Amino acid sequence: MIVWPCRLDVSTYAASGRDVGAPAVRCPACGGPTGPWSGYQRHLRADALVRVFVPRVRCRDCGRTDALLPWFVTPHRYDTVDVIGAALELSVIGLGVRRIAAALERPETTVRDWCRRFGRVAAGLARILLAAAVERGWSGFDLPTAPRPRAAAAVAALASAWIRRHGPVGSWRVAALVTGGTLLAPNTGSPLASAAAAPVMAGTPTTGGDPWQPTPPKPSPSGDTT
Ligand SMILES: [Zn+2]
């Protein structure tokens, strides 16, 4: 799985079919060149439920395959990272699951699952995102100390650093990019250990500094879990 900063909005991406303009990437395992390797359709729920194409690439050297996920897609979840992020922000300011679900027109069980997940990863997430924000020139202070508010503040801090250099974007997309898609995916394993281990902090080390290149993915040996 490789997350990339897609410039298209969700509806334009969906309407593009297979022609989504995914970038050329290096193999995350061996650094070798990759080539197109089919892909798959999946559903994505933003304002409406749409079908999107997720291209795959295969390494010409080692044969590993990876899905190329645009940064608004969260692995194994229907909803965009924007919607999930909005729910989490509401929970951080004190709204209960029922009210969040009503506000966003999503099932309560789904919202509850997002919130639980966020609670589990918040502390580690805050640490990773703040490090990335600092690396991108953010300098802030007076952050909350409780894990969930701190993580939400970290998302905003990182986004502000990104936006200052590259223009407006949904803040949770930047967080998804930096964490290589592990941010809110419902994996049962250690979601952030892999993100912390991968060179994802700047999102740039393997690409010569171009922020619009994909984030180096988590070093998952199985690779194609999306
Ligand atoms: Zn390879």
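Two residues are taken to be in contact here if their C-beta atoms, placed from the backbone, lie within 7 Å. With that in hand, welcome to a predicted model, and let us start with helix α6.

The buried residues of α6 pack against β1, α2, α4 and α5. This helix is mostly covered, as eight of its eight residues are buried. The buried set includes Trp 172, Arg 173 and Ala 175. After α6 comes Gly 180, and its phi is positive, near 60°.

Now to the core. The largest nonpolar core has 59 residues, and among the members that touch the most others are Leu 68, Leu 125, Leu 158 and Ala 175. Several elements each supply at least two residues of this core, including those tabulated here.

| Element | Residues |
|---|---|
| β1 | 2-4 |
| β3 | 49-59 |
| β4 | 65-70 |
| α4 | 108-135 |
| α5 | 147-166 |
| α6 | 171-178 |

The most generous contributor is α4, which gives 13 residues. Domain 1 (1-73) and domain 2 (79-200) both give residues to this core, so the core lies between them.

Finally, a look at a helix pair. Helix α2 (residues 81-92) packs with helix α3 (residues 97-104) at an angle of about 140°, and their axes are 10 Å apart. The crossing of α2 past α3 is right-handed. On the α2 side, Val 83, Ala 86, Ala 87, Leu 90 and Ser 91 make the contact, while α3 brings Ile 100, Ala 103 and Leu 104. By type, the contact residues of α2 with α3 are seven nonpolar, one polar and no charged.

Terms used. Residues are numbered from 1 along each chain as its sequence is written. This is a predicted model: local features need pLDDT of at least 70, side-chain atom pairs count only at pLDDT 80 or more; totals for chains, interfaces and linings use all residues. Axes are lines fitted to C-alpha atoms, for helices over the stretch in contact, and angles run from 0 to 180 degrees between N-to-C directions. Helices (H or I, at least four residues) and strands (E, at least two) are DSSP runs, numbered from the N terminus. A crossing is left-handed if the near helix is turned anticlockwise from the far one by less than a right angle, and right-handed if clockwise. Ala, Val, Leu, Ile, Met, Phe, Trp, Tyr, Cys and Pro count as nonpolar, Asp, Glu, Lys and Arg as charged, and the others, Gly among them, as polar. A nonpolar core is a set of buried Ala, Val, Leu, Ile, Met, Phe, Trp, Tyr and Cys residues joined through C-beta atoms within 7 Å. A residue is buried if 20 or more other C-beta atoms lie within 10 Å of its own, exposed if 12 or fewer, and partly exposed in between; C-beta atoms are placed from the backbone. Domain bounds come from an automatic or database domain assignment.
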